[in-house]
Number of protein chains: 2
Amino acid sequence: MHTAPTQNMADMARARERGAVDPAKLQAFIWGGQREWEAKQRIVSLLSNDPVFDKARRPFLTRTELYQRALAMTKRLYELKDEHGMSTTDVAAAVQLIAEPLPMVLHDAAFEPIVRSQGSPELKKEFQDLIVNRGILGCYLQTELGHGTNVAALETTATYIPESREFEIHSPTLTSSKWWVGGLGKTATHGVVQARLIMPDGKDMGPHLFFVQLRSLEDHRVMPGITIGDIGPKAMAGYAAVDNGYARFDHVRVPLKYMLSAFAAVTPDGRYVQPPHAKLSYAGMLYIRSTMVTTGGWAIAKGATIAIRYATVRRQGSKGADGLERQVITYPSVHYRLLPALARAYVFILLGRNLSKAFSAMSARLAAGDTSLLAEMHATTSGLKVLVTTTAIEDLETARRSMGGHGFSEFAGVGRIYADYLPAATYEGDNYVLDQQVVRAALKAYDGLVVRRTRAITDVTPSTSYLQHLVDRETISSSPRTPGSWEDPKASIVMLEKRAAAMVAERARHLHDPDAGSDHRVARAVTDAFVAAQVGEIIDSLSDTVGAQEATVLRKLYLLHLLTAVEHGLVDILSFGLLPRSEGRADPARDLRMAIDRLCAEILPEAIRLTDGFGFVDWELDSALGRYDGNAYEELWKRTQLEPLNKSEVADGYEDYIKPLLVRGHRLAGRPKL
Amino acid sequence: MHTAPTQNMADMARARERGAVDPAKLQAFIWGGQREWEAKQRIVSLLSNDPVFDKARRPFLTRTELYQRALAMTKRLYELKDEHGMSTTDVAAAVQLIAEPLPMVLHDAAFEPIVRSQGSPELKKEFQDLIVNRGILGCYLQTELGHGTNVAALETTATYIPESREFEIHSPTLTSSKWWVGGLGKTATHGVVQARLIMPDGKDMGPHLFFVQLRSLEDHRVMPGITIGDIGPKAMAGYAAVDNGYARFDHVRVPLKYMLSAFAAVTPDGRYVQPPHAKLSYAGMLYIRSTMVTTGGWAIAKGATIAIRYATVRRQGSKGADGLERQVITYPSVHYRLLPALARAYVFILLGRNLSKAFSAMSARLAAGDTSLLAEMHATTSGLKVLVTTTAIEDLETARRSMGGHGFSEFAGVGRIYADYLPAATYEGDNYVLDQQVVRAALKAYDGLVVRRTRAITDVTPSTSYLQHLVDRETISSSPRTPGSWEDPKASIVMLEKRAAAMVAERARHLHDPDAGSDHRVARAVTDAFVAAQVGEIIDSLSDTVGAQEATVLRKLYLLHLLTAVEHGLVDILSFGLLPRSEGRADPARDLRMAIDRLCAEILPEAIRLTDGFGFVDWELDSALGRYDGNAYEELWKRTQLEPLNKSEVADGYEDYIKPLLVRGHRLAGRPKL
């Protein structure tokens with residue numbers, strides 16, 4: 001009777017056989033080396049074989065249960081660390097591989113690095129080793145109920161009291177309540193609070209950071225003068241296990257040394273000491289944004305893997321030579337949506353790694369007092385954060401929707417990834433605000449390099465190199481095009497750079513009267529150009545990093561990214577006449593689209609092996625439809641049997657609600673009493 | 001201390017004062033008449049004042065609890081019907097106004113109409129009045145685990161046994177399990193099963209419909225030979241209260257009269273009687289699709305109302321003349337995204353009503369055996385279903401994201417609407433499949449009207465009138481344009497019609513080698529053109545249906561829809577040279593975008609009153625951020641206090657998980673034992 005599972009698994013096996021690339025080589029490539037890939041496997045093996053990290057009951061748990069499960073995983077992780085001698089890097093990798101938002105994530109991502117980089121020596125002496133060893137658990141209290149984006153307007157105050165050498169942290173209004181703080185609601189014992197520093201003379205010095213104890217280390221009760229709670233469930237059941245919290249402070253005193261004073265300090269007698277490099281305090285935020293490129297890439301990788309695997313075993317529609325319906329992945333309308341997502345995963349994961357290296361280089365220079373790379377890093381990470389989060393959200397929904405009805409099942413797995421990923425569009429800088437910062441940087445570079453020529457064109461940085469096309473402002477021109485020319489990555493890279501250049505020039509022309517959507521379009525164009533150039537470099541270096549077979553396929557995959565980026569930018573490209581009109585009324589974009597279709601058809605036989613290249617085990621994807629072996633239908637059936645509603649044959653509400661309804665209906669229909 | 005609530009409410013009151021349109025007139029307009037609007041108010045008043053329909057605990061309930069709550073609401077609804085003498089129309093309206101997916105929705109939308117329109121007289125005699133009075137509860141079993149879109153390949157069989165004059169319903173495989181069936185899991189007592197009719201000689205007649213009893217009316221236990229269960233949770237916690245179910249049939253016998261035989265029958269001795277109008281069986285599906293236009297419009301209306309209200313009271317960023325930060329709605333980057341959504345709500349709600357009228361007209365003709373309107377209705381509803389569901393999903397996410405961090409709170413309300421609305425992109429015809437049907441109809445019309453001229457151009461229907469631009473195939477031309485010309489709705493309508501015509505002609509040119517995305521783009525262009533023409537008619541009739549003041553504002557709102565539809569179609573419009581290039585490298589789309597910005601600025605003072613025009617009470621929106629009085633922050637705080645995690649000061653997991661972690665950390669840091 002169960003013929004479908006056999007067919008599902010046969011389809012997957014055949015798809016896997018058909019490919020030529022070696023997943024092992026791809027895995028080493030995408031994980032940044034054989035050693036990194038092996039470390040990943042070791043960690044996943046530890047986690048996936050431990051019942052604490054089992055995911056089977058997750059879809060049926062309440063928030064309270066999910067929160068406790070997250071705590072149990074956190075505790076178990078540190079037990080594993082101790083048992084297996086895992087390094088700090090291993091633990092960080094494990095948190096990424098668990099890939100569920102955990103209450104402690106902000107301790108690692110914000111609390112610990114901020115105290116390390118900005119705490120005074122006295123503060124660090126008292127707390128640093130406790131923080132490192134999780135002897136205290138921290139959070140980062142920035143956003144308030146009334147203010148997020150506009151940090152300068154935060155209402156929480158920290159007033160210095162010279163008499164007792166203390167700061168008084170206070171929440172003067174309802175809207176000054178700290179809000180959304182991850183780990184604050186029920187977990188954190190301490191926190192770093194962003195508050196406006198008020199000097200003894202009443203002068204407002206703007207937002208600064210203060211270390212505050214939130215809960216007793218004796219019994220975990222909330223410290224006097226502080227009100228703390230969880231802010232409630234999140235949309236679409238996202239981030240359910242995290243206790244995003246609120247906090248209000250009623251004249252809470254902390255000692256002078258609790259001010260994070262690396263970049264700004266108050267002397268005991270109440271003088272404000274100017275920060276030498278105020279900008280340095282942004283470095284932490286840039287770091288978080290830079291890691292979001294990698295994270296976004298992995299989110300897309302999961303969605304694309306699940307959807308491509310399911311489309312490989314799902315058969316629907318017209319029958320082929322084998323008498324079976326076609327595999328859904330063979331429809332161009334399906335694979336032309338999924339393969340570009342696959343390509344973007346390969347792009348963003350590598351880009352993220354390059355960015356981490358660039359960040360390390362910048363940090364080394366910063367440590368030596370050299371801030372010259374900071375502006376470039378700021379522009380790059382702002383643009384990439386918007387591009388990657390926006391694209392990842394779209395790709396996840398594309399993947400989910402490509403799976404038809406079953407894509408709406410929780411067991412498909414993509415909806416959960418989407419719901420947990422969604423806030424990335426807002427946190428660490430709302431995307432619409434970051435767009436403006438990208439545009440500001442672009443206009444500044446344009447002004448210096450092109451208009452006023454105060455900088456030599458050889459001064460272009462990776463984020464401004466597209467401006468080379470404006471050295472002679474009349475040189476932006478369309479290139480004559482033959483149907484084959486899209487096969488050269490350069491064609492797409494130049495096209496995307498010219499588009500960025502033309503749009504920045506147009507934006508400069510309308511400096512004070514841009515249309516409402518222009519910042520978003522310009523920022524996208526500038527970032528697309530940056531990414532395209534980076535992808536060009538990745539393509540050039542492929543033959544050194546993977547085998548010849550893999551290099552050939554990856555080159556196509558990266559080219560697919562470039563071509564679909566051009567297609568995405570067609571409105572601008574056509575607006576500025578960068579793509580020559582064909583004769584007659586024919587569509588000048590047809591060559592491009594046909595090139596995309598051809599490329600997809602060439603990549604298609606390698607699709608399953610390319611998804612294998614990410615190296616996911618089934619525990620990581622936790623998807624009935626995206627199983628490695630393709631056994632989708634049987635797995636879906638199996639998971640369904642765990643649904644609590646299926647515990648009893650007759651639902652609990654029958655006597656109370658259904659039966660009275662049926663009795664009424666029989667009465668009204670004049671039928672015998674039930 | 002609570003100054004923010006005062007400010008919130010003052011901002012909302014001021015925004016309301018500033019507008020000129022009369023919400024009461026808009027409400028009568030959007031509800032289709034004063035009587036309809038008053039009926040809606042009566043029903044909402046009944047529901048919102050009844051504790052059974054209270055929504056306060058909803059965010060914290062498990063699926064099992066949500067299911068029982070939905071049953072309780074269903075039972076209570078029929079009690080209210082009896083108590084208040086509500087009509088069937090009132091009850092249907094109440095179900096819409098409850099606006100939560102309920103287990104019984106498919107009884108109303110599919111089971112009842114299908115039995116009514118296709119059941120044999122004998123079947124109806126036995127069950128019709130029970131169905132009408134909910135003495136039995138039904139569902140509609142079409143989709144299977146292995147097949148959705150391709151109905152012809154469904155695997156469930158119904159084999160006729162002439163000896164006993166019965167059909168034997170059977171699920172031969174795992175993949176033939178009926179799946180996703182709303183109300184099947186725990187609720188329905190009966191169902192209509194789609195199964196391939198197998199004649200006694202083994203001949204397969206393809207899918208037909210059969211009435212089947214699923215559960216005992218005595219004790220609600222599942223009937224012998226049938227296996228039934230709930231398919232588990234849905235993505236993003238959507239549709240949580242509905243028991244979408246699966247069912248497998250093991251040689252289950254039903255009598256001959258249980259075949260729904262209005263369009264196809266089997267004689268007692270086992271002969272198949274051909275259906276006279278096979279197409280008639282599609283009418284029900286067209287009806288459901290046509291109602292989805294209205295539903296999508298109301299979903300957008302809710303999202304836009306919540307987001308516009310919150311953006312009115314949220315202040316962030318630079319300070320204005322009043323010394324306060326700017327209201328977020330005043331930023332062009334915010335309102336140019338929200339006002340077009342508001343416009344689309346006003347478009348789709350009216351379009352849906354027009355479509356219902358057209359559907360009634362068609363049904364009257366169908367009853368007289370005239371199928372001439374069926375093809376037109378099919379093409380129109382397919383295209384609109386795709387356009388409306390795609391757009392509504394985008395608009396809901398745009399609304400959610402415009403609210404920044406708080407938009408990700410469950411209490412914002414938009415995430416829940418999104419999760420419940422999302423499957424509309426897939427059910428009742430996957431959008432990607434419907435695209436093809438729209439294109440097929442368009443190519444057929446193009447062939448008849450333009451290429452072979454077998455039909456006179458005066459034969460154009462509303463869905464093909466854009467083809468008039470191809471009567472002389474060389475006449476599609478760009479129109480010289482002055483900055484003011486976008487103010488005339490005709491300019492946009494003609495532009496969208498020309499775009500559709502050019503794209504259909506291009507699609508015909510590449511009949512056998514379209515690019516992979518072309519069906520989607522062509523279907524969108526054709527539907528945009530249809531909607532634009534309809535909007536033109538709505539604009540023309542405004543002065544008859546609302547006051548002069550309201551007509552002026554609504555005209556702007558409808559024009560905004562047209563302009564943003566043109567902007568959305570710019571790639572095609574530019575590809576086919578329909579928008580003349582400006583001189584130099586200037587962006588030819590700038591005029592259009594500036595016209596959109598100007599129009600948004602003109603509509604802005606009326607935005608709050610336009611949202612009031614939908615007539616929502618707070619109970620309907622159930623949003624902390626979208627309250628009528630603007631008291632967003634205080635409401636958010638209030639709802640947070642209901643979160644179960646906040647019941648105790650110290651979380652339940654403290655002793656088991658947090659404390660051991662802290663103890664370990666203190667030990668490793670060499671600190672005194674906690």
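Is A:E635 buried or exposed? In this predicted model, A:E635 has a relative accessible area of 10% and is therefore buried, the limit for that class being under 20%.

**View 1. Salt bridges of A:E635 in helix α20 of chain A.** The side chain of A:E635 meets that of A:K638 in a salt bridge with an N to O distance of 3.7 Å, and A:E635 also forms a salt bridge with A:R639, where the closest N and O atoms are 2.8 Å apart. A:K638 and A:E635 are three residues apart in helix α20 (residues 632-640) and are therefore separated by about one helical turn, while A:R639 and A:E635 lie four residues apart in helix α20, again about one turn of the helix. A:K638 counts as exposed at 52% relative accessibility, whereas A:R639 is buried, with a relative accessible area of 16%. Salt bridges that share partners join these residues into one network, whose members include A:R58, A:E410 and A:D622.

**View 2. The salt bridge between A:D108 and A:R134.** The two side chains meet with an N to O distance of 2.5 Å, and the pair links distant parts of the chain, with A:D108 in helix α6 (residues 105-118) and A:R134 in the loop between α7 (121-132) and β1 (138-141), 26 residues apart. A:D108 counts as partly exposed at 26% relative accessibility, whereas A:R134 counts as buried at 7%.

**View 3. Residues 22-134 of chain A.** UniProt, in an unreviewed entry, places the feature "domain: Acyl-coenzyme A oxidase N-terminal" at these residues. The span is 73% helix and 0% strand, and its end C-alpha atoms lie 41 Å apart.

Note on methods: Residues are numbered from 1 along each chain as its sequence is written. Chains are lettered from A and ligands numbered from 1 in the order in which they are written. This is a predicted model: local features need pLDDT of at least 70, side-chain atom pairs count only at pLDDT 80 or more; totals for chains, interfaces and linings use all residues. Side-chain values use heavy atoms; hydrogens and water are left out. UniProt positions are given in the numbering used here, feature names are shortened, and annotations may be inferred rather than shown by experiment. Helices (H or I, at least four residues) and strands (E, at least two) are DSSP runs, numbered from the N terminus. A salt bridge is a side-chain nitrogen of Lys or Arg within 4 Å of a carboxyl oxygen of Asp or Glu. Buried means under 20% relative accessible area, exposed over 50%, partly exposed in between (1.4 Å probe, protein chains only).
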